[in-house]
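The following note is addressed to a student who is reading a protein model closely for the first time. Please keep the sequence and the structure in view while working through the numbered points.

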Protein chains: 2
Amino acid sequence: MSTPHKTAATAVPLHPLLAGRWSPRGLDPQHELTQHQLTALLEAARWAPSASNTQPWRFAVALRGTEEHAAVLDALVGFNRAWAHAASALVVAAAETHTPEGAERRWAVYDTGQAVAHLSVQAEVEGLAVHQMGGFDSERIAALLPEGVTPLVVLAIGRRDDTAELPEPLAGREAAARDRLPLEALQLPLGVPASV
Amino acid sequence: MSTPHKTAATAVPLHPLLAGRWSPRGLDPQHELTQHQLTALLEAARWAPSASNTQPWRFAVALRGTEEHAAVLDALVGFNRAWAHAASALVVAAAETHTPEGAERRWAVYDTGQAVAHLSVQAEVEGLAVHQMGGFDSERIAALLPEGVTPLVVLAIGRRDDTAELPEPLAGREAAARDRLPLEALQLPLGVPASV
């Protein structure tokens, strides 16, 4: 597979850490995360903003070669198991959606998305790739975690490997250009009532 | 007010765009966003990752001096109105939580958090500050938007102004060090069942 050209096509320049980030499936099965890298990823998540600084995000890290990695991998849908086995780490990102007293944290899921985004930006800095997966057996992943947290995504983290062999249709997707809705499609009008 | 020292205290270095980001309330009431900056912020959000590339995030932009800005400001809680009036832009971030056919997008809220995080990182690149607010009248904000989207946060975007006068307790918060839970508190164990 040739190295995909995946830089975002933007109307104005984005910072390279954002423009160059994408979610590969081809990962180097020999690569190992250093403790320094892992700490940097978690620190990035830790310092994300959250509603009233509630910091509802939680992370369960499984390094390749451990039984925890095997257990998380096994709870993925087959579509994801087909490639995510090569991830240097599988990380379950979960949210504490309620306080210990049972009150709902309305932004817990939203804020956990932010924390993972910060983690993903730092991954770019570290020369690592992150591919987030929603395709897993929620009950099985939840059973691996302590009570009181809701698993949201599993992150496959590793070093991109453009020579990795992927089954179709994944190989085709890996080589395809990234695409997004046009910028205008994301923008909503604000309808101000006549009385304002 | 002296310039707060707000760089994140981390066990290993984070990229400055992440380590230096925080959520000020003191904003320059004279600063105006350029179209270039606004486009860069929206492009950053646009190129965030999402579940199956569904891109559920939507943004309604109100520039200071417009009736839209006044309408969004007026729907904030008083605590936020006290300072957010100086924002160069108030941006409602909303999610399409369902497809047009009515199917739930399970990661719409999570993914919108990611998109806003990407926007916030690009804001740092542009020399802008972002302060996200959950304190607003949801029904009034929703009434300003088209049907079918759920407002999640309002972003106050502008240029930080350390000389801005803030009422207490906001002035005290502005000068205080940032703080987070310890890194260990974010990490969950994975309890692998004996049968695995």
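In what order do the four strands of the open sheet in chain B lie? The points below begin with this matter and then turn to the contact between the chains.

1. The model under review is predicted. Its chain B holds an open sheet of four strands, and their order is β1-β2-β4-β3 with antiparallel pairing. The order in the sheet should therefore be read separately from the numbering, which follows the chain from the N terminus.

2. The edges of this sheet are formed by β1 (57-63) and β3 of chain B, each of which pairs on one side only. From one strand to the next, the twist averages 25°.

3. Strand β4 of chain B, residues 150-158, merits particular attention. On one side, strand β2 (residues 89-95) of chain B is joined to β4(B) by seven bridges, and the two run antiparallel. Two pairs of facing residues can be located here: B:Ala93 stands opposite B:Val153, and B:Leu90 stands opposite B:Ala156.

4. Strand β3 of chain B, residues 129-133, is also joined to β4(B), in this case by five bridges, and this pair again runs antiparallel. Within it, B:Ala129 is found opposite B:Gly158 of β4(B). As general background, strands of a sheet pair through backbone hydrogen bonds, in either a parallel or an antiparallel manner.

5. Is strand β4 of chain B mostly covered or mostly open, judged by how many of its nine residues are buried? The strand is mostly covered, with eight of the nine residues buried. A residue is called buried here because 20 or more other C-beta atoms lie within 10 Å of its own.

6. The contact between the chains draws 66 residues from chain A and 66 residues from chain B. On the side of chain A that touches chain B, at least two residues each are supplied by α1 (16-19), α2 (35-46), β1 (57-63), α3 (67-74) and α5 (108-125) of chain A. The largest share, 12 residues, comes from α5(A). Sorted by class, this side of chain A has 43 nonpolar, 15 polar and eight charged residues.

7. How are the two copies related? A turn of 180° with a shift of 0.0 Å along the axis lays chain A on chain B with an RMSD of 0.0 Å. The two copies are therefore related as by a two-fold rotation axis. The same surface serves both copies, since 100% of the contact residues of chain A recur in chain B.

Key. Residues are numbered from 1 along each chain as its sequence is written. Chains are lettered from A and ligands numbered from 1 in the order in which they are written. This is a predicted model: local features need pLDDT of at least 70, side-chain atom pairs count only at pLDDT 80 or more; totals for chains, interfaces and linings use all residues. A residue is buried if 20 or more other C-beta atoms lie within 10 Å of its own, exposed if 12 or fewer, and partly exposed in between; C-beta atoms are placed from the backbone. Two strands pair if DSSP finds at least two bridges between them. Axes are lines fitted to C-alpha atoms, for helices over the stretch in contact, and angles run from 0 to 180 degrees between N-to-C directions. Two residues are in contact if their C-beta atoms, placed from the backbone, lie within 7 Å. Ala, Val, Leu, Ile, Met, Phe, Trp, Tyr, Cys and Pro count as nonpolar, Asp, Glu, Lys and Arg as charged, and the others, Gly among them, as polar. Copies are superposed by least squares on the C-alpha atoms of residues with pLDDT of at least 70 in both.
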